[in-house]
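This report describes selected helices, salt bridges and backbone features of one protein chain. The sequence and the coordinates are shown below for reference.

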Amino acid sequence: MSSRLYQPMTAGALHLKNRIAMAPLTRNRAPGAIPTPLMAQYYAQRASAGLLITEATAISPQGQGYADVPGLYSTEQLDGWKRVTEAVHQADGKIVVQLWHVGRVSHTTLQPGNAAPVAPSAVRAHTKTVLIKDGVPTFVETSMPRALDLDELPGIVQDYRHAARNAIACGFDGVEIHGANGYLLDQFLKTGANQRTDDYGGSIKNRARLLLEVVRAIVDEIGGERTAIRLSPVTPANDITDADPQQLFDYVLAQLAPLGLAYVHLIEGATGGPRELAERPFDYAALRDVYRKAGGTGAWMVNNAYDKALAEAAVESGVDIVAFGRPFIANPDLVERLQRGAPMNPPDRATFYGGGAEGYTDYPTLF
């Protein structure tokens, strides 16, 4: 009998042919922040996934933090994304766009007017971003950020709302709000980055305020059934920490529960690293219980280092969707390979970030 992993399901307005999602994967192949025809080919190749989640996509020029990543705020960008969604739909796929504001994880050369990146507080992230120098992706230290003024926050909420509206106009089936991995919304959530003393800092309620305002604005704009969110309670990615993540995320999920989201996407452990961190224990099953008991009906998506056995076991234990990241880079037909137990293509790490078709659209399929 086939595992539930390969069976269809519904998440909000998303009718999925299986429970496998392609996780967001930054590939740095959108010069000028404009999606290309090559990107349309890349996503269409992977449309056998139940759901494709695009690479993180900036909601505004200020939200940009890496070279050659796409945006969702100009006419040229929207035209590029329309080609992507059309290609995916022609391949019988479903696709949502991940909405991104990087906050402090940026560099002055990527910001309008070479300005400092913005953040909840003027606390530098000890991490790196990617610039393209002489055509070569180069990792550089992020720049010192400035703290956002209180009167700037409503504008950021509106940037998210506008990006969600643009997404639907481009033909996306929905949006996933990037609230994870040490980017802007996660920076506001967590004590390691948020040292504010106003209504957006201090208490858990205050630190969660911006994220919840963004989610509610998008739900109001496009409906909860087309809105999702990605969260990473304990990842150290991009130099992010919190003093009490279990209490923080219990509160956040209880507040998200009434909004009728399509799904909640949880990164377990360290993004791209260990699934469990001894120094940062976290009970994900308890978090799901908090969400369900508060009335949350969205599908529960899990992510981080899942293989065939782990994924099949997860859906049998009550998880709704499993997201795979790097395996999809080298295996456009990952769903079929998982179902058949077929060998996987090894990924070429040298082509992960930047470049053209090599290591992007030229991986072989089984048939």
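The account that follows concerns a predicted model and proceeds from helix α3 to its neighbours and then to individual residues.

**Helix α3 and its surroundings**

Helix α3 comprises 17 residues, from 153 to 169. Its first and last C-alpha atoms are 25 Å apart, close to the 24 Å expected at 1.5 Å a residue. The buried residues of the helix are Leu-153, Ile-156, Val-157, Tyr-160, Arg-161, Ala-163, Ala-164, Asn-166 and Ala-167. In an α-helix there are 3.6 residues a turn, so residues three or four places apart point the same way. The elements against which the buried residues of α3 pack are the helices α2 (75–90), α4 (184–189) and α6 (209–222), together with the strands β5 (95–100) and β10 (174–178). After α3 comes Gly-171, which has a positive phi near 100°.

**Helix packing**

Two packed helices are described by the angle between their axes and the distance between the axes. For α3 and α6, the axes come within 9 Å and cross at roughly 35°, and the crossing is right-handed. On the α3 side, the contact involves Leu-153, Val-157, Tyr-160, Arg-161, Ala-164, Arg-165 and Ile-168. These residues meet Leu-210, Glu-213, Val-214, Ala-217, Ile-218, Asp-220, Glu-221 and Ile-222 of α6.

A second helix pair is formed by α1 (residues 37–45) and α2, whose axes lie 8 Å apart at an angle of about 25°. Because angles under 35 degrees count as roughly parallel, α1 and α2 are described as roughly parallel to each other. Their crossing is right-handed. Helix α1 contributes Pro-37, Met-39, Ala-40, Tyr-43 and Ala-44 to the contact, while α2 contributes Trp-81, Arg-83, Val-84, Ala-87 and Val-88.

**Salt bridges**

The model contains 13 salt bridges. Three of them are listed here with their N to O distances.

| Basic residue | Acidic residue | Closest N to O distance |
|---|---|---|
| Arg-161 | Asp-220 | 2.9 Å |
| Arg-207 | Asp-242 | 3.1 Å |
| Arg-275 | Glu-268 | 3.1 Å |

Arg-161 and Asp-220 form a salt bridge. Since Arg-161 belongs to helix α3 and Asp-220 to helix α6, the pair ties together parts that are 59 residues apart in sequence. Arg-161 is buried at a relative accessible area of 16%, whereas Asp-220 is exposed at 58%.

In the salt bridge between Asp-242 and Arg-207, distant parts of the chain are linked, the two residues being 35 residues apart. Asp-242 is situated in the loop between β11 (227–231) and α7 (245–256), and Arg-207 in helix α5 (residues 204–207). Both Asp-242 and Arg-207 are buried.

The salt bridge of Arg-275 with Glu-268 joins a partly exposed residue, Arg-275, at 28% relative accessibility, to a buried one, Glu-268, at 9%. Elsewhere, salt bridges that share partners connect Arg-161, Arg-165, Asp-220 and Glu-221 in one network.

**Individual residues**

Phe-249 is part of helix α7 and is buried, with a relative accessible area of 0%. Leaving aside residues up to four places away in sequence, Phe-249 touches Asp-186, Leu-189, Lys-190, Leu-231, Ser-232, Pro-233, Phe-282 and Leu-287. The C-alpha atoms of Phe-249 and Val-290 are 9.4 Å apart, with a sequence separation of 41 residues.

Ala-278, in the loop between β12 (263–267) and α8 (284–293), counts as exposed because its relative accessibility is 77%. The C-alpha atom of Ala-278 is 20 Å from that of Asp-250, with their positions 28 residues apart along the chain.

**Positive phi outside glycine**

Most residues other than glycine have a negative phi. Asp-68 has a positive phi near 55° and is located in the loop between β4 (51–58) and α2. With a relative accessible area of 25%, Asp-68 is partly exposed. Asn-181, which is not a glycine, also has a positive phi, of about 60°. Asn-181 is in the loop between β10 and α4 and is buried, with a relative accessible area of 8%.

Note on methods. Residues numbered from 1 in each chain as written. Predicted model: local features only at pLDDT ≥ 70, side-chain atom pairs only at ≥ 80, totals over all residues. Heavy atoms only, no water. Helix = DSSP H or I, 4+ residues; strand = E, 2+ residues; numbered from the N terminus. Expected span 1.5 Å × (residues − 1). Buried < 20%, exposed > 50% of the residue type's maximum accessible area, 1.4 Å probe, protein only. Contact = heavy atoms within 4.5 Å. Salt bridge = Lys/Arg side-chain N within 4 Å of Asp/Glu carboxyl O. Axes fitted to C-alpha atoms, helices over the stretch in contact; angles between N-to-C directions. Parallel < 35°, antiparallel > 145°, perpendicular 65-115°, else oblique. Left-handed = near helix turned anticlockwise from the far one by under 90°.
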